[in-house]
Amino acid sequence: MISAGSYTQSEILSQPDAWRATLRQLQAQQDGLRLFYADGHYETVVFTGCGSTYYLALAAASLFQQMTGIPARGLPASELWLNPASAYTRNQRTLLVAISRSGETTETLHAVETFHKLAQGDVLTFSCYSDKALATAGQFNIVLEAGREDSVAQTRAWSVLYLGTVALVLAASEDRMSWDVLNKLPDAGARILHDYTDLARELGRSTQLDRFYFLGSGPRYGIASELSLKMKEMSLSHSEPFHFMEFRHGPMSMVTPGTLLFALLSETQRDHEWAVVNEMRDLGAQIITLGESGTGVAFQSGVSEALRNVLYLPFGQMMAFERALSKGLNPDRPTNLETVVRLSNGVSTG
Ligand code: F1P
């Protein structure tokens with residue numbers, strides 16, 4: 001019999017190997033991606049997905065605009081499908097980047113169909129299964145098989161698909177030099193998983209904690225949102241993401257000694273972000289800080305800030321996993337969730 005959580009655990013722990021394989025594949029596809037992007041002459045880029053992959057779209061859009069200067073947004077696929085007029089800018093050549101682990105989520109497929117009808121640009125897809133509908137739905141399709149998973153909650157798939165969007169950023173910015181740096185990520189990820197397992201277990205299993213707030217700004221907000229979702233899905237705990245400075249504007253009234261503030265710290269906004277952390281510590285919150293150095297979880301990656309975001313994931317995933325186990329839940333099969341949300345006439349088919 002397979003024990004509770006064994007799929008999720010092996011998916012979390014195998015991420016460094018999956019990243020290595022994925023970066024190799026993406027580097028091999030980079031020339032094609034660069035040509036595709038350059039040919040498109042896009043004025044704007046929209047990233048989309050559902051649930052986890054919607055949060056990925058938020059992180060990717062923020063990074064894309066930061067690195068290329070081209071306007072980019074991340075929106076849920078349901079909004080692109082049902083409210084396209086409020087999602088797209090009229091008459092602007094648009095690249096739609098549709099992201100889905102399963103390649104089968106109904107809303108994401110409908111978003112792509114709706115966009116094709118608008119005839120306003122092209123579709124690029126990132127998914128994990130070549131035999132599913134999304135894998136052939138775009139003008140350019142990238143299938144990252146290293147992201148396939150057996151469990152419901154995404155961990156390895158998310159980080160692998162996120163690396164796909166980083167490769168798009170490099171292609172769009174004609175950056176051929178950063179691959180050597182990106183290739184440092186798998187070793188850094190393995191180090192984090194090795195060095196901080198005990199700390200993730202200790203925090204995840206703490207019976208004093210009853211609420212979790214994940215703080216991240218810029219591209220790290222999408223990552224904070226994904227980690228918050230992991231905590232909800234796997235461990236059925238109260239959990240919310242916020243932009244760092246937003247936390248003072250109301251949410252801090254929820255801080256108690258049972259609060260864990262999970263801070264995805266940057267170097268560029270270091271002082272502002274640490275100020276929030278220190279104030280919340282003074283209010284009684286427990287704190288875990290993640291960043292390149294001088295933090296509770298220190299990446300020590302040597303990778304530039306923009307390219308190392310994927311390193312925030314493994315520790316938070318492990319914490320959620322440990323909390324689920326400590327509550328007697330099976331992280332592989334979150335309550336009420338299915339691997340894919342399929343709709344028929346707008347109603348879930350379960
Ligand atoms: C995304 C999704 C999430 C859900 C769960 C499983 O599917 O369905 O919405 O919360 O984590 O994945 P996909 O389109 O990426 O396959």
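Colleague: Strand 6 (residues 211-215): how many of its five residues are buried?
Modeller: A strand here is a DSSP run of E with at least two residues, a helix a run of H or I with at least four, and both are numbered from the N terminus. Buried means under 20% relative accessible area, exposed over 50% and partly exposed in between, for a 1.4 Å probe and protein chains only. Strand 6 is largely enclosed by the rest of the structure, because the number of its residues that are buried is five of five.

Colleague: What kind of model is this?
Modeller: Residues are numbered from 1 along each chain as its sequence is written, and side-chain values use heavy atoms, with hydrogens and water left out. Local features need pLDDT of at least 70, side-chain atom pairs count only at pLDDT 80 or more, and totals for chains, interfaces and linings use all residues, the model being predicted.

Colleague: Which residues of strand 6 point the other way from R211, Y213 and L215?
Modeller: R211, Y213 and L215 point one way from strand 6, and all residues on both sides are buried. Pointing the other way are F212 and F214.

Colleague: What is the strand order in the open sheet of five strands?
Modeller: Two strands pair if DSSP finds at least two bridges between them. Strand 6 has five bridges to strand 7 (residues 238-242) and five to strand 8 (residues 259-264), parallel in the first case and in the second. Strands 7 and 10 (297-298) are the edge strands, each pairing on one side only. With parallel pairing throughout, the order is 7-6-8-9-10.

Colleague: In strand 8, which residue is the bridge partner of R211?
Modeller: R211 has H238 opposite it in strand 7, where L215 has F242 as its bridge partner. Over in strand 8, the bridge partner of R211 is T259.

Colleague: Is the β-α-β crossover from strand 6 to strand 7 right-handed or left-handed?
Modeller: The chain leaves strand 6, goes through helix 11 and arrives in strand 7. With the strands pointing away from the viewer, a clockwise path from the first strand over the helix to the second is right-handed. This crossover is right-handed.

Colleague: How far apart in sequence are the parts that the pair F36 and F140 ties together?
Modeller: Rings of Phe, Tyr and Trp (its six-membered ring) pair if their centres lie within 6.5 Å; planes under 30 degrees apart are stacked, over 60 edge-to-face, the rest tilted. F36 and F140 are at 5.1 Å centre to centre with 35° between the planes, a tilted pair, and both residues are buried. F36 belongs to helix 2 (residues 15-40) and F140 to strand 5 (residues 140-143), so the separation in sequence is 104 residues.

Colleague: Which residues form one aromatic cluster with F36 and F140?
Modeller: The whole structure holds 15 aromatic pairs. In the cluster, F36 and F140 are joined by Y37, Y42, F47 and F64.

Colleague: Why does the pair Y54 and Y55 count as tilted?
Modeller: Y54 is partly exposed, at 21% relative accessible area, and Y55 is partly exposed at 21% as well. Their ring centres are 5.3 Å apart, and the pair counts as tilted because the planes are at 40°.

Colleague: How far apart in space are P186 and T125, C-alpha to C-alpha?
Modeller: P186 sits in helix 9 (residues 185-195) and is buried, with 1% relative accessibility. From T125 it is 61 residues away in sequence, and in space the C-alpha distance is 24 Å.
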